[in-house]
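Colleague: I would like to go through this structure with you. Please explain each term as you use it.

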Amino acid sequence: MADQQPIITMKGISKRFGGVTALDRVDLDAFAGEVLAIVGDNGAGKSTLIKILTGVYQPTAGTLHLDGEPLSMNSHSDAIDVGIGAVYQTLALADHLDPAANLFLGSELTRSVFGLQILDNRKMRTESERVLKERLGVTLRNMDAMTQSLSGGQRQAVAIARAVRHDGLRVLVMDEPTAALGPQETARTLKLIKIVKEQGLAVIVISHSLDDVFQISDRIHVMRRGRCVGVEKTSETDRESVLGLIVGAHQAA
Ligand SMILES: Nc1ncnc2c1ncn2[C@@H]1O[C@H](COP(=O)(O)OP(=O)(O)O)[C@@H](O)[C@H]1O
Ligand SMILES: [Mg+2]
C-alpha cells in the first residue's frame with residue numbers, strides 16, 4: 001500500500017465548536033479497495049471527522065486531498081459530486097416509501113408527458129433493482145413494500161444502494177452501520193461492506209463493535225479526545241492493543 005496513492009488524504013484537520021476542540025490536527029489516509037475502521041470512545045471525534053470528509057462540516061484548520069489534488073467542499077452535495085458518499089444512521093430512510101423511492105430520494109427521475117415533468121417510477125424501479133443486484137448482489141422480493149416492512153439488513157442494503165448508485169463513487173463512509181442490527185443482519189451488512197470494498201472503493205466505517213472491526217477492516221484508525229492516537233494494520237494488531245489505545249492505557253509514541 002505504501003507505493004499506492006491514497007484516494008483521500010486528510011492532513012492536520014482541526015475542528016472547533018466555540019470553545020470545544022472536537023478534532024485536533026488529525027491525519028487520515030484511505031486507499032482504494034480497503035476498509036478503514038474508525039474507532040474511539042463517545043466524544044472522541046469520529047462523527048465530526050467523517051462529517052468533514054463528507055462535506056457536512058468545514059474544518060477550522062487542515063487540508064483534504066482527493067487523488068493528490070486539493071479538495072474543498074461546502075456541502076454534502078459537493079462531496080457526492082466528487083465521489084464521496086455516506087450512509088448515516090441519521091440520514092434515515094423514508095419508512096412509508098418503497099425501496100426505489102428511497103434510492104432516489106431527493107434526486108427523483110422524471111419523464112415528460114405533454115410537456116409536464118412527472119415521476120418516472122418505472123425507471124426508478126428498474127434502476128433500483130439493477131443497482132441492488134449488480135452492485136450488492138441483493139434481490140428484494142417485494143419492491144412494492146413500504147421500507148418499514150423490510151428487515152434491518154434489507155434496509156441497510158437500500159441505504160448502501162442509495163450511496164453506490166451514484167456513478168463515480170470512490171469513497172463510501174458509514175457511521176455505525178450495524179449499531180441497530182441483530183447478529184444475522186449484522187453478518188449480512190458486513191458482507192455488503194466487503195462487496196463494496198472489492199469493487200475498488202475506499203470504505204470508511206465507524207464502529208463500536210471490535211468484533212465487526214476485526215472481521216471486516218484492513219486498517220484501524222483510533223481516535224481519542226479529538227486526536228488520532230494510532231493507525232494499525234488489522235492483521236498486525238489485536239483487540240487488547242486497540243482497546244488500550246481507545247482508553248489511553250498506553251500512549252502512542
Ligand atoms: N455541533 C456540535 N457543536 C458543539 N460541539 C460538538 C458538535 N458536534 C460534536 N461536538 C463535540 O465534539 C466532540 C466530538 O464529538 P463527535 O465527533 O460526535 O464524537 P464521536 O462521534 O466520536 O462520539 C464532543 O465533545 C462533542 O460534544
Ligand atoms: Mg458519533
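Modeller: Helices (H or I, at least four residues) and strands (E, at least two) are DSSP runs, numbered from the N terminus. The model is predicted: local features need pLDDT of at least 70, side-chain atom pairs count only at pLDDT 80 or more, and totals for chains, interfaces and linings use all residues. Residues are numbered from 1 along each chain as its sequence is written, and side-chain values use heavy atoms, without hydrogens and water.

Colleague: Why is residues 46–53 called a helix, and what does α1 lie across?

Modeller: Residues 46–53 form a DSSP run that meets the minimum of four, so the name helix α1 applies. Helix α1 lies across β1, β2 and β4.

Colleague: How do you know that β1 and β2 pair?

Modeller: Two strands pair if DSSP finds at least two bridges between them. Strand β1 (residues 8–17) and β2 have 7 bridges, so they pair, in the antiparallel sense. F17 stands opposite V20 in β2. The open sheet has 4 strands in the order β2-β1-β4-β5.

Colleague: What makes T48 a polar contact of ligand 1?

Modeller: A polar contact is a pair of N or O atoms within 3.5 Å; within protein, one must be able to donate a hydrogen and the other to accept it, and residues adjacent in sequence count only if both atoms are side-chain atoms. A polar side-chain atom of T48 lies 2.6 Å from an oxygen atom of ligand 1, so the pair qualifies. A backbone N or O atom of G43 lies 2.7 Å from an oxygen atom of ligand 1.

Notes:
Chains lettered and ligands numbered in written order. Contact = heavy atoms within 4.5 Å. Axes fitted to C-alpha atoms, helices over the stretch in contact; angles between N-to-C directions.
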